[in-house]
Amino acid sequence: MPDDAAKAARHLHISDATLRGLVGYNMKRAFNVISADLARTLEPFDLRMLTYTALTLVADNPGLSQSQLAKAMQVERPNLVVIVDELETRGLITRDRVPTDRRTYALRVTPEGALLLGEASRAVAHHENQIMGGLTAAEESALIATLNRIETSTTGGS
């Protein structure tokens, strides 16, 4: 019986050595770790990565339209409406008609939204420090620069 248990344990290990040679695979694995920790970080604020992102963008860009926010977040407009509705229902943002274009809404953070965002942002900064704790400031800057370069690359086939 012990031989069977040892044999079963050996079969549980799955090698991903070939995949570990791929940048995209490593980025996805790192993203999974980061996003899971970020979800735990934002949970006490009843925020998710998307709602935190939207709230931050609205705070940084008062009067931003829903179309502009959807483009900045790279989400479809119908999906954004759900996010904006959630933030508005919670009293974190306002959605006001633009007088010159009645089809457009200007988004603004409420005082309550700004307060929550400040608290959540401090927690996110701590999360980032924990996740990136093994990197020097130069390595972190190089990583961000490299990721931005990949994002804006025209050779990516997008």
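Which exposed residues does the face of helix 4 turned away from its buried side carry? The views below answer this and a few other questions about a predicted model.

**View 1. Helix 4 has a buried side and, turned away from it, a face with exposed residues.** The exposed residues on that outward face are K71 and A72. Buried in helix 4 are Q66, L69, A70 and M73. Around the axis they cover an arc of only 100°, which puts them on the same side of helix 4. What do these buried residues pack against? Their partners are helix 3, strand 1 (64-65), helix 5, strand 2 (93-98) and strand 3 (101-109).

**View 2. Just after helix 4, Q74 takes a positive phi.** Look for Q74 in the loop between helix 4 (66-73) and helix 5 (77-89). Its phi is near 55°, a positive value in a residue other than glycine. Is Q74 buried or exposed? Its relative accessibility is 68%, so Q74 counts as exposed.

**View 3. D46 also has a positive phi although it is not a glycine.** The angle here is about 55°. You can find D46 in the loop between helix 2 and helix 3.

**View 4. Helix 2 lines one face with its buried residues.** Start with the helix as a whole: at 1.5 Å a residue, its 20 residues should span 28 Å, and this agrees with its end C-alpha atoms, which are 28 Å apart. L38, T41 and L42 are the buried residues of helix 2. Seen down the helix axis, they fall within an arc of 70°, so they line one face of the helix. An α-helix has 3.6 residues a turn, so residues three or four places apart point the same way. The buried residues of helix 2 pack against helix 3 (49-60) and helix 6 (111-131). On the face turned away from this buried side, helix 2 carries the exposed residues V33 and R40.

**View 5. D16, R20 and R29 are linked in a network of salt bridges.** Let us take the two links in turn. R20 forms a salt bridge with D16, and their closest N and O atoms are 3.0 Å apart. D16 also forms a salt bridge with R29, where the closest N and O atoms are 3.8 Å apart. Which parts of the chain does the pair of D16 and R29 tie together? D16 lies in the loop between helix 1 (2-12) and helix 2 (23-42), while R29 lies in helix 2, so the pair ties together parts that are 13 residues apart in sequence. How much of each network member is accessible? R20 is partly exposed, with a relative accessible area of 37%. D16 counts as partly exposed at 21% relative accessibility. R29 is partly exposed too, with a relative accessible area of 39%.

**View 6. R40 forms a salt bridge with D37.** The closest N and O atoms of this pair are 3.4 Å apart. Both residues lie in helix 2, 3 residues apart, about one turn of the helix. R40 has a relative accessibility of 53%, so R40 counts as exposed. How many salt bridges does the structure hold? The count is 7.

**View 7. A nonpolar surface patch is made by V23, M27, L135, L143, L147 and I150.** The patch has an area of about 470 Å². Helix 2 and helix 7 (137-152) each supply at least two of its residues. Which helix gives the most to the patch? That is helix 7, with 3 residues. L147 is a good residue to pick out here, and its place is in helix 7. With 35% relative accessibility, L147 counts as partly exposed.

**View 8. L87 in helix 5 is a buried residue.** At 1% relative accessibility, L87 counts as buried. Which residues is L87 in contact with, leaving aside its neighbours within four places in sequence? They are L47, T51, A54, L55, L92 and I93. One more residue to find in this view is V109, which is 22 residues from L87 in sequence and 9.3 Å from L87 in space, C-alpha to C-alpha.

Technical notes: Residues are numbered from 1 along each chain as its sequence is written. This is a predicted model: local features need pLDDT of at least 70, side-chain atom pairs count only at pLDDT 80 or more; totals for chains, interfaces and linings use all residues. Side-chain values use heavy atoms; hydrogens and water are left out. A salt bridge is a side-chain nitrogen of Lys or Arg within 4 Å of a carboxyl oxygen of Asp or Glu. Buried means under 20% relative accessible area, exposed over 50%, partly exposed in between (1.4 Å probe, protein chains only). Helices (H or I, at least four residues) and strands (E, at least two) are DSSP runs, numbered from the N terminus. The expected span of a helix is 1.5 Å times one less than its number of residues. The arc is that of the directions from the helix axis to the C-beta atoms. Contact means heavy atoms within 4.5 Å. Patches are made of residues with over 30% relative accessible area and no salt bridge: like charges are joined within 9 Å, nonpolar side chains (Val, Leu, Ile, Met, Phe, Trp, Tyr) within 5 Å. Accessible areas come from the Shrake-Rupley method with a 1.4 Å probe; for residues, only the protein chains shown count as cover.
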